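Trainee: Could you go through this model with me? I would like to learn how the words we use for a structure are earned.

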Amino acid sequence: MPQTLTSTSMFTPCGFSPHLHTSKEGEQGGLIFQDGNLTSASLDALIQHLIPTTDYYPEKAYIFTFLLSSRLFIEPHELLSRVCHKCIEQQRLDDPVLDKARIRKFGPKILQLLTEWTETFPYDFQEERMIGHLKDMIHRIAPCDEAYWKKMNQLLQALNQKLATLSHGQEGIVKISTAVSDKLVAFKTKPPSIQREILSVCSDPYTLAQQLTHVELTCFSEQKKTSNLEAYVKWFNRLCYLVATEICMPAKKKQRAQVIEFFIDVARECFNIGNFNSLMAIISGMNMSPVSRLKKTWSKVKTAKFFILEHQMDPTGNFYNYRTALRGAAHRSLTAHSNREKIVIPFFSLLIKDIYFLNEGCANRLPNGHVNFEKFLELAKQVGEFITWKQVECPFEQDPNIIHYLHTAPIFTEDGLYLASYESESPENQTEKDRWKSLRSTILGKT
């Protein structure tokens with residue numbers, strides 16, 4: 001029986017394996033090839049290409065790409081039903097007397113396909129209908145080899161464990177605190193013990209970068225539902241506002257400059273680790289208007305390192321510099337010998353944007369009705385990389401105190417940030433003065 005592979009094995013050292021077939025250019029069995037690549041086909045032809053026979057098994061890259069994209073055209077339970085029906089028909093599994101020699105050649109291959117499906121897209125099998133089709137297929141081939149019963153039990157046990165793990169992960173997602181406390185502005189002239197600040201919790205930039213990577217990888221590994229994606233976006237926004245809050249809180253200019261330099265060093269360590277999402281959140285926080293307007297504070301900051309990091313994440317040229325750095329991190333990950341070197345945490349919002357525009361910008365079907373498989377190859381490449389990156393286990397020891405602070409420390413709203421900023425460095429024009437007066441009245445109840 002073929003060895004069960006992980007999702008990472010569908011990649012070559014240069015990325016996603018583009019060759020799904022060695023066929024020459026042209027049409028074979030309803031499949032259209034160009035330069036050895038499958039580019040389009042009817043849905044029926046693609047389903048047939050997925051189905052193993054006694055002497056054929058689809059390439060892993062094809063299995064992943066088709067199972068990923070097929071749900072745009074057919075529900076998973078209907079797809080599995082059609083696969084099973086075709087297998088029953090082609091292998092004559094309804095015959096009163098089965099051809100045991102043939103089934104022993106076919107059995108391991110269909111079991112391998114079902115195993116890959118359950119491992120890569122386990123959520124598909126939350127439906128009873130999916131489990132029913134799976135059991136029915138194995139029941140049909142099991143009389144030819146009792147080992148198939150054992151294999152089915154192993155498959156179902158592994159599937160149940162994976163679904164239980166995923167369900168536990170769903171329940172265990174850390175709740176991102178949305179608590180804001182603009183009243184903290186009033187504490188700016190009071191003892192610092194009233195409000196803990198990041199430097200009292202963690203004064204080492206590398207350690208904080210490690211703990212941010214812990215949070216990112218936890219969120220990263222749980223992106224399976226829209227609600228989880230929203231939670232990850234909330235985390236990014238929270239980190240932006242936390243950085244800005246920490247900078248605007250201190251009453252003294254020297255302390256604010258110290259916090260800015262600390263976060264610049266944290267951002268640099270995030271870049272070195274490969275944690276681009278936290279890097280972008282930190283830079284975004286420092287670029288928020290309430291922070292950037294603190295000219296007297298910034299004059300005390302050594303900004304050379306900040307400008308270098310800002311350049312790396314410059315949106316110019318569709319984030320060309322960032323994409324170059326990301327490719328470098330991805331290449332390092334492919335050749336890595338340790339989990340530390342395998343870490344790649346992309347700027348998540350841009351990743352989602354790329355996938356969205358790829359999906360929306362290219363038709364799912366061609367004018368002749370064929371499935372645009374070339375589009376789905378590119379989608380599978382991006383999603384496949386994401387799956388590989390999120391499987392990396394965080395190599396850094398977790399610090400519960402720092403993690404707790406990152407998730408629960410009070411943060412200002414945008415108005416709170418502006419008020420704190422004005423309290424730190426006085427408004428420079430009438431517009432700022434009017435806003436300051438309004439915010440003091442609204443938030444602090446002062447005139």
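Mentor: Let's start with a pair of helices in this predicted model. Helix α20 (residues 414-424) and helix α21 (residues 430-444) pack with their axes 9 Å apart, at an angle of about 115°.

Trainee: Why are an angle and a distance given for two packed helices?

Mentor: Because two packed helices are described by the angle between their axes and the distance between the axes. For α20 and α21, those values are about 115° and 9 Å.

Trainee: What kind of crossing does α20 make as it passes α21?

Mentor: The crossing is left-handed.

Trainee: Which residues of α20 and α21 make the contact?

Mentor: From α20 come D415, G416, Y418, L419, Y422 and E423. From α21 come E432, R435, W436, L439, R440, I443 and L444. By class, the contact has seven nonpolar, one polar and five charged residues.

Trainee: Which of those residues is the polar one, and what makes it so?

Mentor: Gly counts as polar in this scheme, so G416 of α20 takes that place.

Trainee: Now to another helix. Why is T65 called buried?

Mentor: Buried means under 20% relative accessible area. T65 has 0% relative accessibility, so T65 counts as buried. This residue lies in helix α2 (residues 60-70).

Trainee: What makes the link between T65 and A61 a polar contact?

Mentor: The side chain of T65 reaches the backbone oxygen of A61 at 2.8 Å. The cut-off for a pair of N or O atoms is 3.5 Å, so this distance falls within it.

Trainee: How do you know that α2 is mostly covered?

Mentor: Ten of the eleven residues of α2 are buried. Among them are K60, Y62, F64 and S70, along with A61 and T65.

Trainee: And L31, is that residue buried or exposed?

Mentor: L31 has a relative accessible area of 6%, which is under 20%, so L31 is buried. Its place is in strand β4 (residues 31-34).

Trainee: How far apart are L31 and F373 in sequence and in space?

Mentor: They are 342 residues apart in sequence, and 9.9 Å apart in space from C-alpha to C-alpha.

Trainee: What about contacts across the chain as a whole?

Mentor: Among contacts between residues at least 6 apart in sequence, 73% join residues at least 24 apart.

Trainee: How many helices and strands are there, and what share of the residues is buried?

Mentor: The chain has 21 helices and six strands. Of its 447 residues, 49% count as buried.

Technical notes: Residues numbered from 1 in each chain as written. Predicted model: local features only at pLDDT ≥ 70, side-chain atom pairs only at ≥ 80, totals over all residues. Heavy atoms only, no water. Helix = DSSP H or I, 4+ residues; strand = E, 2+ residues; numbered from the N terminus. Buried < 20%, exposed > 50% of the residue type's maximum accessible area, 1.4 Å probe, protein only. Polar contact = N/O pair within 3.5 Å; in protein donor to acceptor, adjacent residues only side chain to side chain. Axes fitted to C-alpha atoms, helices over the stretch in contact; angles between N-to-C directions. Left-handed = near helix turned anticlockwise from the far one by under 90°. Contact = heavy atoms within 4.5 Å.
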